[in-house]
Amino acid sequence: MATVHLRIGDLVWGKLGRYPPWPGKIVSPPKDLKKPRGKKCHFVKFFGTEDHAWIKVEQLKPYHPHKEEMIKINKGKRFQQAVDAVEDFLKKAKGKEQNSEGKGESKGKKTVQKPLKILEEDDEDLSALKDPSEKDLTDSDPEPSTLERLGAGPGSGFKWETSPVKDDPHFHHFLLSQSEKPASSMEPISKRLKIIEEDSGSTSIQAADSTAINGSITPTDKRIGFLGLGLMGSGIVSNLLKMGHVVTVWNRTAEKCDLFIQEGARLGRTPAEVASMCDITFSCVSDPKAARDLVLGPSGVLQGIRPGKCYVEMSTVDPETITELSQVITSRGGRFLEAPVAGSQQLSNDGMLVILAAGDRTVYEDCSSCFQAMGKTSFFLGEAGNAARMMLILNMVQGSFMATIAEGLTLAQATGQSQQTFLDILCQGQMASTFVDQKCQNILQGNFKPDYYLKHIQKDLRLAISMGDSANHPTPMAAAANEVYKRAKALDQSDNDMSAVYRAYIH
């Protein structure tokens with residue numbers, strides 16, 4: 001597309017990643033926001049949202065000449081709301097212009113407009129977030145309250161696409177890239193704005209929202225493979241199918257595939273066959289050994305990898321395993337992404353997992369509709385291994401917390417206190433959460449049906465402790481919790497829920 005000459009105040013269509021063009025207005029960025037390096041870009045506020053993003057010039061089109069074209073290819077409700085917001089803005093702007101002209105004539109004066117500042121590549125005079133004419137839209141126009149924020153760095157390569165993306169009002173992408181200020185790396189630029197800024201020369205991480213802007217999921221046309229139909233995998237595959245993805249499944253215990261075949265999935269005979277048949281193959285298995293065997297073993301994934309094939313490792317494993325798998329997949333010309341998930345069987349079934357991704361950014365983008373189907377949020381954490389590290393830290397905290405809660409319940413009982421009253425008080429305080437309430441209620445009811453296997457949380461604690469050792473960082477709390485889970489395993493609680501750690505204190 002030919003480069004267009006745009007300036008602050010211009011109405012445009014802006015293209016973000018895999019999402020459709022969206023109406024916006026070029027505005028001035030905040031004073032404290034550095035312009036991204038690389039190709040020339042403009043700072044855009046999107047109509048119908050409170051979203052802002054840096055957009056490369058080649059990914060911008062003037063609003064009016066392309067309006068009919070864009071309306072034809074995008075039919076989503078939120079998209080229409082955004083277009084309506086543009087029209088309302090234009091009407092109000094025209095009305096104010098007419099009023100200004102009328103007043104000018106009565107006073108014998110003409111209204112003089114301030115020249116619009118062009119945002120050049122070397123322009124360092126960054127003004128406030130809003131330009132004067134933006135106030136009318138944000139202060140007066142009604143806007144959908146549930147449309148999420150989005151951010152995009154100019155370093156990503158975007159192409160105009162004509163396939164519509166429908167509404168998905170709950171899903172968030174968090175794109176983690178490079179920043180020069182570690183001390184404030186996780187702070188938003190302002191209370192209502194988070195921007196992604198790509199700078200390959202620095203080492204810290206900054207978070208920014210990049211959310212599907214208009215909606216309900218349009219499944220990718222890529223063929224999806226899924227290996228491993230355990231507690232988490234089953235819910236994930238079910239949601240992929242519900243959202244219209246073409247999925248080929250494989251499981252070590254073949255009969256687990258039957259239900260999904262009935263729901264429309266295809267059956268792969270081996271991991272290698274699935275990988276060779278599909279464009280993107282996901283796997284979700286129990287531990288590092290299972291993850292390695294799935295790729296490197298007989299009829300394993302590696303045998304089906306060809307140049308361009310994508311492999312997404314969703315298992316919670318150690319970063320060393322991720323590095324090994326990434327190397328062997330890419331050595332065959334494949335593309336690799338790790339994407340372990342935070343959640344439980346229930347959250348998996350509900351499509352409300354949190355996905356932590358790292359590795360090949362283009363694979364992350366290709367997986368967008370899949371991640372929207374299976375989760376409520378995704379984070380991109382940079383190079384392969386980062387997601388494994390973050391996942392182990394999260395599960396270390398969760399496992400230690402669960403053991404502490406179990407310890408508190410049993411101490412309450414040992415000292416003659418009501419466990420139910422302990423729970424009631426706990427759930428009225430600062431630690432109140434669905435997790436605490438559900439786990440404690442299950443303990444009091446003696447219900448240890450697995451939502452997250454005890455053996456898996458103990459595995460995660462063990463791996464986190466080992467990671468701490470490698471970093472020469474103490475993990476005494478996790479080590480203590482790990483010993484309690486090991487005792488619970490010795491009491492034959494491995495295949496029960498993690499809350500069964502409670503039984504380690506009463507036997």
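The legends below describe close-up views of a predicted model.

**View 1. Helix 12 packs against helix 14 at an angle of about 50°.** Helix 12 spans residues 386–414 and helix 14 spans residues 434–445, and their axes lie 11 Å apart. Helix 12 is therefore oblique to helix 14. The crossing in which helix 12 passes helix 14 is right-handed. On the helix 12 side, the contact is formed by Gln398, Phe401, Met402, Ile405 and Leu409. These residues meet Phe435, Val436, Lys439, Cys440, Ile443 and Leu444 of helix 14. By class, the residues of this contact between helix 12 and helix 14 comprise 9 nonpolar, 1 polar and 1 charged.

**View 2. Helix 13 and helix 14 cross at roughly 175°.** Helix 13 covers residues 419–426, and its axis comes within 11 Å of the axis of helix 14. The two helices, 13 and 14, are therefore roughly antiparallel to each other, since angles over 145 degrees count as roughly antiparallel. Helix 13 contributes Gln419, Gln420, Leu423 and Leu426 to the contact. Helix 14 contributes Val436, Asp437, Cys440, Gln441 and Leu444. The contact of helix 13 with helix 14 holds 5 nonpolar, 3 polar and 1 charged residues. Val436, Cys440 and Leu444 of helix 14 are listed in the contact with helix 12 and also in the contact with helix 13.

**View 3. Asn442 of helix 14 and Ser499 have C-alpha atoms separated by 7.9 Å.** Along the chain, Asn442 and Ser499 are 57 residues apart. Asn442 is found in helix 14. The relative accessible area of Asn442 is 22%, so this residue is partly exposed.

**View 4. Helix 7 and helix 8 cross at roughly 5°.** Helix 7 is made of residues 288–296 and helix 8 of residues 319–331. Their axes come within 10 Å. Helix 7 is therefore roughly parallel to helix 8, since angles under 35 degrees count as roughly parallel. From helix 7, the residues in contact are Pro288, Ala291, Arg292, Val295 and Leu296. From helix 8, they are Glu320, Thr321, Glu324, Leu325, Val328 and Ile329. The residues of the contact between helix 7 and helix 8 divide into 7 nonpolar, 1 polar and 3 charged.

**View 5. Strand 16 is mostly covered and pairs with strands 14, 15 and 17.** Strand 16 runs over residues 353–359, and 6 of its 7 residues are buried. Strand 14 (residues 335–338) is antiparallel to strand 16 and is joined to it by 2 bridges. In this pairing, Glu338 stands opposite Ala358 of strand 16. Strand 15 (residues 341–342) also pairs with strand 16 in the antiparallel sense, over 2 bridges. Here the bridge partner of Val341 is Ile355 in strand 16. Strand 17 (residues 375–380) runs parallel to strand 16, and 5 bridges join the two. Ala357 stands opposite Phe380 in strand 17.

**View 6. Five strands form an open sheet in the order 4-3-2-1-5.** The pairing within this sheet is antiparallel. Strand 4 (52–56) and strand 5 (60–62) are the edge strands, each pairing on one side only. From one strand to the next, the twist averages 45°. Strand 3 (residues 41–46) is joined to strand 4 over 5 bridges in the antiparallel sense. Cys41 stands opposite Lys56 in strand 4.

**View 7. Ser299 and Asp492 each have a positive phi.** Most residues other than glycine have a negative phi. Ser299 is not a glycine, yet its phi is about 55°. Ser299 lies in the loop between helix 7 and strand 13 (310–313). With a relative accessible area of 32%, Ser299 is partly exposed. Asp492, also not a glycine, has a phi of about 70°. Asp492 is found in the segment after helix 16 (476–490). Its relative accessible area is 67%, so Asp492 is exposed.

Conventions
Residues are numbered from 1 along each chain as its sequence is written. This is a predicted model: local features need pLDDT of at least 70, side-chain atom pairs count only at pLDDT 80 or more; totals for chains, interfaces and linings use all residues. Side-chain values use heavy atoms; hydrogens and water are left out. Axes are lines fitted to C-alpha atoms, for helices over the stretch in contact, and angles run from 0 to 180 degrees between N-to-C directions. Helices (H or I, at least four residues) and strands (E, at least two) are DSSP runs, numbered from the N terminus. Angles under 35 degrees count as roughly parallel, over 145 as roughly antiparallel, 65 to 115 as roughly perpendicular and the rest as oblique. A crossing is left-handed if the near helix is turned anticlockwise from the far one by less than a right angle, and right-handed if clockwise. Contact means heavy atoms within 4.5 Å. Ala, Val, Leu, Ile, Met, Phe, Trp, Tyr, Cys and Pro count as nonpolar, Asp, Glu, Lys and Arg as charged, and the others, Gly among them, as polar. Buried means under 20% relative accessible area, exposed over 50%, partly exposed in between (1.4 Å probe, protein chains only). Two strands pair if DSSP finds at least two bridges between them.
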